[in-house]
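Visitor: I have a structure to look at and would like to understand the places where a small molecule could sit. Could you take me through it step by step?

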Amino acid sequence: MAERTVERRPLVAGNWKMNLDHVEAIHLVQALALHLRAIEHGRLDVSIHPPFTDLRSVEGVIGADDLPITLGAQHASSYAAGAFTGEVSVAMLRRLGVQLVLVGHSERRQLFAMDDDAVAATTRAVLEGGLTPVICVGETQEQRDRGQMAEVLTAQVLAALEGVPAADSDRIIVAYEPIWAIGTGVAATEEDAQEACRLIRQVLAGARGEVADRIRILYGGSAKPENAGDLVTQADVDGLLVGGASLEAESFAAIVGATAACYGQ
Ligand code: PEP
């Protein structure tokens, strides 16, 4: 197994997708806080990404108890303000205490026609607004079967970096999320996750130089307590983006615990 040569602070991020109203959200955060209290996780970041309508309530719970949880969003507009019905700006999110924004999740790409240009524009908007983009990339099963994984990941990473100032290169996070693993219960093997994350780091290095060593690269796709430890021990896997298993406090906390255990806690 490849050695981890650079220390990067791991991140375990929970993507709630379009689940839980703001009352249910409060209950989940409170339960999560209880579970996390039993886990030493000071060496890693934990974020949750609720729906927009939950953010204010979740921010209130996190703030009131000073919980060690970073607030994230699932999407943001690439526009600053104006006649964009249904959109939510980065400034609005920042005002709510949001620090991380998922950009180009495969469900946005596939179901809402978010193309590479929109991913790049949103990445720039998030950075300009002072927040951190978590840029999601990943191949379909068909692309993998045709041997196009490297080509697809390379194109998606380079496209997302378009127009991102060099000085902001180390402010991004990348999430490798093979589409065939999302919500299917079939995660990538740790070897496949490592291979893809290593490739992404090489692409980042080619485009941005040695800063690539400091950029966090997450794996996402059917991560659960049983496979979390094997995935995050890989040299280029710096944490997990978790969908389904983040909707229950116990399983999400167990994933945080498994990750913390791999980082010496
Ligand atoms: C996701 O949607 O980002 C995700 C990783 O989902 P799941 O963990 O449910 O596969």
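Visitor: Which pocket is the space taken by the ligand?
Guide: Bear in mind that this is a predicted model. About 200 Å³ of space lies in the pocket concerned, and among the 18 residues that line this pocket, Gly 183, Gly 221, Ser 222, Gly 243 and Gly 244 are the closest to its centre. The space that the ligand takes is the second largest pocket.

Visitor: How far does a polar side-chain atom of Lys 17 lie from an oxygen atom of the ligand?
Guide: Lys 17 is one of the residues that come nearest among the 14 around the ligand. Pairs of N or O atoms count as polar contacts within 3.5 Å, and for the polar side-chain atom of Lys 17 and an oxygen atom of the ligand the distance is 2.6 Å.

Visitor: How much of the accessible area of the ligand does the protein cover?
Guide: Backbone atoms also approach the ligand, with a polar one of Gly 183 at 2.7 Å from a ligand oxygen and a backbone N or O atom of Gly 243 at 2.8 Å from a ligand oxygen. On its own the ligand has 290 Å² of accessible area, and the share that the protein covers is 95%.

Visitor: Which helix gives the most to the lining of the largest pocket?
Guide: The largest pocket has a volume of about 460 Å³ and is lined by 19 residues, with Arg 108 among those nearest its centre. Three residues of the lining come from the helix that gives the most, which spans residues 106-111 and is helix α4.

Terms used: Residues are numbered from 1 along each chain as its sequence is written. This is a predicted model: local features need pLDDT of at least 70, side-chain atom pairs count only at pLDDT 80 or more; totals for chains, interfaces and linings use all residues. Side-chain values use heavy atoms; hydrogens and water are left out. A residue is near a molecule or strand if one of its heavy atoms lies within 4 Å of it. A polar contact is a pair of N or O atoms within 3.5 Å; within protein, one must be able to donate a hydrogen and the other to accept it, and residues adjacent in sequence count only if both atoms are side-chain atoms. Accessible areas come from the Shrake-Rupley method with a 1.4 Å probe; for residues, only the protein chains shown count as cover. On a 1 Å grid over the protein atoms alone, a cavity is a set of points where a 1.4 Å probe fits but cannot get out, and a pocket is an open set with protein on both sides within 12 Å along at least five of seven lines; lining residues have an atom within 4 Å of a point. A molecule sits in a cavity or pocket if more than half of its atoms lie within 2 Å of its grid points. Grid points are joined across faces, edges and corners, and a volume is the space filled by probe spheres set on the points. Helices (H or I, at least four residues) and strands (E, at least two) are DSSP runs, numbered from the N terminus.
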